[in-house]
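Colleague: Could you take a close look at the aromatic side chains in this model, and then walk me through the backbone and packing details that go with them?

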Amino acid sequence: PILLVAGLAYALGFDYFSPIDESSHFAFVHSLATTGKIPLVITPVAPEIEAMSEHVYPDPPATHPSTMGVRGVIYEAQQPPLYYIVAAPVYNLAPGNLIVKLYALRLLGVGALLVHAFFLVTTYRFLTSREVLPSSNSTFFSVAILLTLIPGCVLRMATVSNAHLLIPLESGFFYFLTRLIFEKRLGMWRHIVPVGLVSGALVLTQNMAAFVVPLAVAVVLERDRSIGRAVLVLVIAAAMLVPWVVFNLLNYGQITGYEVATYLLRPIVNPNAEYRGLAFALEHLGRLNATFWNPEEHVVCLEPYQTCVGFAGVSTMFAAGLGLVGMIGLCRSLRNKKPIDRLSFTLVIYTAAVCLIVLTIVAITIHDSWDSIIGRYVLQVSLPLSFLIYSAMWELSPRLRRVLVCSGVILASGLWVCCLSSIVAERVFRVG
């Protein structure tokens with residue numbers, strides 16, 4: 001109920017469109033739903049969507065998209081199509097005009113946030129029922145609220161984007177992967193094929209999710225000791241991408257439309273053509289913290305809680321350190337030829353997930369000289385991060401743990417209220 005209310009408040013209260021690409025995501029869904037075809041990066045935005053951006057809909061826009069350059073095309077068409085294929089039926093089923101359809105898609109995101117929370121709770125019950133982790137509902141509730149009620153998560157799920165499918169699907173993937181770690185034997189149709197399908201579906205939702213494939217392969221190799229089955233996971237995931245890759249080769253001459261989109265967007269994202277290499281990435285890496293807890297639209301909300309958010313960032317690093325401890329325990333088990341401790345292996349997989357997404361962000365920044373140091377990309381590993389933090393809290397004294405439980409709820413609630421007040425004030429100001 002808390003997340004439902006929080007999501008609805010943001011979905012209905014936040015004015016359209018969010019400056020973080022919501023109009024282009026919505027234009028993608030609109031184009032697919034109305035034409036039955038996946039749009040290209042250079043496909044013009046429908047004039048009625050530009051009219052929504054200018055807040056004159058249903059009247060025609062003052063500026064036609066054909067005269068707007070990159071802002072007048074569906075640049076998000078470089079994204080894999082799975083989310084948009086899922087969202088198109090919701091768009092068509094929603095009655096009324098485009099504004100109603102937009103809010104219908106936003107409500108889809110609120111539902112996806114609840115699915116993400118479901119997998120969080122289900123993973124917690126699984127790990128505690130196996131006595132892998134100690135059980136404390138209050139501690140888990142604090143961590144779950146901290147990483148789901150924060151504006152950085154809620155606003156991304158309450159505005160239209162492929163995060164609606166990415167985050168719950170990735171949480172489901174990590175829940176399934178966690179179960180695989182504790183299975184005595186892996187079945188072909190019960191485990192191997194499903195993990196390959198889910199891995200492929202994630203890559204078909206967002207390119208950056210490709211890091212899940214080596215994680216799935218690692219778990220299958222460790223549990224099944226079968227190179228053939230590990231390769232099968234790769235083959236299944238790759239086979240799911242074939243239609244999309246063929247589409248891109250036919251239309252762009254490349255396996256994705258990413259290069260075309262970056263060519264169009266670079267004058268906006270990096271107008272001075274500055275080199276943004278490793279030094280730039282390391283210098284700005286701390287921004288992942290600010291834009292993880294708060295959305296890019298309202299990072300100013302960070303200011304009243306600067307100390308608390310900084311402490312939360314330190315706690316996150318401490319949790320990652322716990323994963324390193326798990327890796328050391330795993331190496332010791334391998335060296336002594338002892339059975340691998342399931343908890344250590346789970347923590348290693350969770351830590352690897354967090355590290356891989358951060359490395360992916362840094363690699364994109366360096367490769368493209370494109371500032372991708374943005375915390376919303378880390379939201380897709382919220383489930384592993386939640387359990388790393390939960391595990392780390394049990395290394396603390398009970399008194400300190402109780403303080404952190406209360407602090408987590410206060411921090412998340414304070415940030416949520418602060419951001420909501422800013423959202424409402426902006427909307428009242430525009431209408432007024």
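Modeller: What follows begins with the aromatic rings and then turns to the loops and to two helix residues.

Please keep in mind throughout that this is a predicted model. The count of aromatic pairs comes to 16, and one of them is formed by Phe28 and Tyr84, whose rings are stacked, with 3.8 Å from centre to centre and 5° between the planes. Because Phe28 belongs to helix H2 and Tyr84 to helix H4, this pair ties together parts that are 56 residues apart in sequence. Both Phe28 and Tyr84 are buried.

A pair with another geometry is made by Tyr390 and Trp394, which meet edge-to-face, at 6.1 Å centre to centre and with 70° between the planes. The two partners can also be described by their accessibility: Tyr390 has a relative accessible area of 0% and is therefore buried, whereas Trp394, with a relative accessible area of 26%, is partly exposed. Tyr390 and Trp394 also belong to a cluster, linked by ring pairs, that includes Tyr124, Phe140, Tyr350 and Phe387 as well. At Trp394 there is a charged neighbour too, since Arg401 lies over the face of the Trp394 ring, at 3.9 Å from the ring centre. A charge over a ring is also found at Tyr91, where Lys101 lies over the face, at 4.8 Å from the ring centre.

The backbone of the loops deserves a careful look as well. Most peptide bonds are trans, and most residues other than glycine have a negative phi. Against that background, the bond joining Tyr16 and Phe17 is a cis peptide bond, with omega at about -5°, and Phe17 sits in the loop between helix H1 (2–13) and helix H2 (22–35). Tyr57 and Pro58 are likewise joined by a cis peptide bond, here with omega at about 15°, and the place of Pro58 is the loop between helix H3 (47–53) and helix H4 (82–93).

Positive phi values occur in two loop residues that are not glycine. For Glu131, phi is near 60°; Glu131 lies in the loop between helix H5 (98–129) and helix H6 (137–148), and with 70% relative accessibility it counts as exposed. For Arg225, phi is near 55°; Arg225 is placed in the loop between helix H10 (212–224) and helix H11 (227–252), and its relative accessible area of 63% makes it exposed.

Two helix residues complete this view. Thr365 is part of helix H16 (residues 342–368) and, at 0% relative accessibility, counts as buried. Leaving aside residues up to four places away in sequence, Thr365 touches Arg276, Phe280, Ala281, Trp370, Asp371, Ser372 and Ile373. Val424, by contrast, is partly exposed, with a relative accessible area of 42%, and is found in helix H18 (residues 398–431). Although Val424 and Phe14 are 410 residues apart in sequence, their C-alpha atoms are 7.2 Å apart in space.

Notes:
Residues are numbered from 1 along each chain as its sequence is written. This is a predicted model: local features need pLDDT of at least 70, side-chain atom pairs count only at pLDDT 80 or more; totals for chains, interfaces and linings use all residues. Side-chain values use heavy atoms; hydrogens and water are left out. Helices (H or I, at least four residues) and strands (E, at least two) are DSSP runs, numbered from the N terminus. Buried means under 20% relative accessible area, exposed over 50%, partly exposed in between (1.4 Å probe, protein chains only). Contact means heavy atoms within 4.5 Å. Rings of Phe, Tyr and Trp (its six-membered ring) pair if their centres lie within 6.5 Å; planes under 30 degrees apart count as stacked, over 60 as edge-to-face and the rest as tilted. A charge sits over a ring if NZ of Lys or CZ of Arg is within 6 Å of the ring centre and within 35 degrees of the ring normal.
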